[in-house]
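Okay, thanks everyone, let me get the picture up on the screen. I'll keep this short and just walk you through the inside of the thing.

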Amino acid sequence: MKLLDIVALLENLPELNLYRGQVGTIVEEYEPGVFEVEFSDNTGKAYAIETLTETQLMVLHHYPLEREKATV
């Protein structure tokens, strides 16, 4: 994962009002595997900015993946 990757949340975080499947953008990497993720609505208005770990996120791809990259 890297800066500006589009990611989806893999777990429910009701204490943060965030739920599995919500989509955000990595806007900062604090240390390996720890990211600040901004969640925005369809108009681009941020509704949450949270620090999350790599295990809580999945990178989304808008293009075909090669088999080697799809399993990483």
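So, let's start with F39: its relative accessible area is 0%, which is under the 20% cut-off, so F39 counts as buried. Keep in mind that this is a predicted model.

Now, what does F39 pair up with? Its aromatic partner is Y47. The two rings sit 6.4 Å apart, centre to centre, with 40° between the planes, so by the 30 and 60 degree limits we call the pair tilted. If you search the whole structure, you find one aromatic pair. And Y47 isn't hidden like its partner: Y47 comes in at 41% relative accessibility, so Y47 is partly exposed.

Back to the inside. F39 belongs to the largest nonpolar core, which has 11 residues, among them V7, L9, L13, F35, V37, L52 and L57. Which elements give two or more residues to that core? Those are β1 (6–9), β3 (34–40) and β4 (46–53). The largest share is from β3, with three residues.

Have a look at L52 while we're here. Leaving out anything up to four places away in sequence, L52 touches L9, L13, G33, V34, F35, V37, F39 and L57.

Last stop, β1, and its neighbours. β1 runs antiparallel to β2, residues 23–31, and three bridges join them. One bridge partner to point out is V23 in β2, which goes with A8. β1 also pairs with β5, residues 57–59, again antiparallel and over three bridges. There, L9 stands opposite L57, and both of those are core residues.

Conventions: Residues numbered from 1 in each chain as written. Predicted model: local features only at pLDDT ≥ 70, side-chain atom pairs only at ≥ 80, totals over all residues. Heavy atoms only, no water. Core = buried A, V, L, I, M, F, W, Y, C linked by side-chain atoms within 4.5 Å. Buried < 20%, exposed > 50% of the residue type's maximum accessible area, 1.4 Å probe, protein only. Helix = DSSP H or I, 4+ residues; strand = E, 2+ residues; numbered from the N terminus. Contact = heavy atoms within 4.5 Å. Pairing = 2+ DSSP bridges. Phe/Tyr/Trp six-rings, centres within 6.5 Å; stacked < 30°, edge-to-face > 60°.
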